[in-house]
Number of protein chains: 2
Amino acid sequence: MEEKPAPPHAAGDVTEHVGYRLKRAAAALRGAMDKALREHDLTVPQYACLELLDERPGISGSELARGTFVTRQSSSVVLRGLQDAGLVTRPAAADHGRALPVHLTGEGRRRLAAARSAVYAVERRMIAAIPSHRLAGLLADLDRMATALDGQA
Amino acid sequence: MEEKPAPPHAAGDVTEHVGYRLKRAAAALRGAMDKALREHDLTVPQYACLELLDERPGISGSELARGTFVTRQSSSVVLRGLQDAGLVTRPAAADHGRALPVHLTGEGRRRLAAARSAVYAVERRMIAAIPSHRLAGLLADLDRMATALDGQA
DNA sequence: GTTTCTATGTCAGGACTTTGACATAGCTGA
DNA sequence: TCAGCTATGTCAAAGTCCTGACATAGAAAC
C-alpha cells in the first residue's frame, strides 16, 4: 500500500516530465557544443567563461561563477586553465577588495571569435527546429522556471 | 576588423540566447533536485537511474545510460554505487548476451518512492511558474530542439 | 572603535562525466 | 565457415562540479 505522490501533471511516463525534457535538451546542447568546440580546443565551461568575459570585462571570479551557474570553486579551476593557456589575465593581488578582475588577452579574444562561429551554428540548428513565433515564449518560459526554482532555493 | 559570425537570432546579449536560458533552467533544476534529494541520501544521477529502472525493469546498463543521457561508463559508476547500497541487483554473468539486466530491490523501490515526492514537488514548482496552456508546447519544443541537435550529431 | 555580516578566494575531498582503449558475445554476409 | 560488424561491459586518465571549511577584506551595525 504505497502512497502515490501527486504527479506534477498528467504524464504517461517519465519522458513526458518537464525535468526529463529539460535534461534531454540540455544534454543534447552540451554534446553538440562539446563536439563543435573540440576543433577549437576549448571545452564548454571554458567557452562560457570567455563569452561572459568578453561581455563584461574585468569581472571577478565569483561574478564569473554566478554568470555561468556554477560555484566559484568550479569556475576557479576553469579560470586557472584559461590563465595557463594565456587566454585570460588576472592580477596577483587586488587593489581594492579581494576581488581579482579578470580580462581577456588578445589571444583569448581571437580564440573566442573563432569558436563563436561554431557555437552559433549549433544554436541556429536548435532554433531552426521550432516554429519561429514560439521562440520568444520559450525563452520567457525557461526564464520563469529557472527563477521559480532558485528563487526560493 | 573581426568577422562577425551570423548571430543565431536577434539578441542583445548572451542572456537572450537559447543556450544560455537552457543552461540556466537546467542548472536551477539540478540544484533544486540536488537539495531535495539530499534529505533522501540520493544524488540526481542515482534518482534518475532508479526512476528509469522502475519504469523498465531488467534493462541493461547500456540502455540505462542511453535513457539518462550519459555514457555507459558514467552510468556504470552510478550503478555500482546503487548496487553497493543495496538498491539494485545485477547478475554476475549474463545468460544470453553480455547485457546484464538490472532490477530494483525492495529497498530500492522504497527509497525511490520516498524521494519521488520531493522531486515531484520541485517539478510542480517549476510548472506552476508558466501558464498552464503553454506546457504542452514547451515540452514539444524542447523535444524538437534535442532531436535536431543529436539527430545529426 | 569594535563586533558582525557579507563577499571573495582558496584548499581538500568526493561524486559525476567524458574520451579512449580493450575484450567479449552475438549477429550478418560473403 | 569465417571475417566483419555491432553491442555490451570494463579499465584508466582527465576534466568538471559539488559540499564543507577556512582566511581575508570591506561594509554595516552597535
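Visitor: How many residues does the contact take from chain B and from chain A, and what makes a residue count as part of it?
Guide: In this predicted model, the contact takes 56 residues from chain B and 56 residues from chain A. On the side of chain B that touches chain A, helix 1, helix 2, helix 5 and helix 6 (135–151) of chain B each supply at least two residues, and by class that side has 31 nonpolar, seven polar and 18 charged residues. Two residues are in contact if their C-beta atoms lie within 7 Å.

Visitor: How do you know through which surface the copies meet?
Guide: Of the interface residues of chain B, 100% are also interface residues in chain A, so the copies meet through the same surface.

Visitor: What turn and what shift lay chain B on chain A?
Guide: A turn of 180° and a shift of 0.0 Å along the axis lay chain B on chain A with an RMSD of 0.0 Å. The two copies are therefore related as by a two-fold rotation axis.

Visitor: Why is B:C49 called buried or exposed, and what is it in contact with?
Guide: A residue is buried if 20 or more other C-beta atoms lie within 10 Å of its own, and B:C49 is listed among the buried residues of helix 2 of chain B. Leaving aside its neighbours within four places in sequence, B:C49 is in contact with B:L64, B:T68, B:V78, B:L79 and B:L82. In the largest nonpolar core, which has 75 residues, B:C49 is one of those that touch the most other members, together with A:A25, A:L29, A:C49, B:A25 and B:L29.

Visitor: What makes helix 2 of chain B mostly covered?
Guide: Nine of the 12 residues of helix 2 of chain B are buried, including B:V44, B:Y47 and B:L52. What covers these buried residues includes helix 1 (18–38), helix 3 (61–67), helix 4 (72–84) and helix 5 (106–128) of chain B, and also strand 1 (88–89) and strand 2 (103–104).

Visitor: How does the reach of helix 2 of chain B stand against what is expected at 1.5 Å a residue?
Guide: Helix 2 (residues 44–55) of chain B reaches 17 Å from its first C-alpha to its last, close to the 16 Å expected.

Visitor: Which residues are closest to DNA strand D, and which elements give two or more residues to the surface near it?
Guide: DNA strand D is surrounded by 24 residues, the closest being A:T43, A:V70, B:S60, B:G61 and B:S62. Helix 2 (44–55) and helix 4 (72–84) of chain A, together with helix 3 and helix 4 of chain B, give two or more residues each to that surface, and helix 4 of chain A gives the most, with five residues.

Note on methods:
Residues numbered from 1 in each chain as written. Chains lettered and ligands numbered in written order. Predicted model: local features only at pLDDT ≥ 70, side-chain atom pairs only at ≥ 80, totals over all residues. Helix = DSSP H or I, 4+ residues; strand = E, 2+ residues; numbered from the N terminus. Expected span 1.5 Å × (residues − 1). Near = placed C-beta within 6 Å. Least-squares fit on C-alpha atoms with pLDDT ≥ 70 in both. Nonpolar A, V, L, I, M, F, W, Y, C, P; charged D, E, K, R; others polar. Core = buried A, V, L, I, M, F, W, Y, C linked by C-beta atoms within 7 Å.
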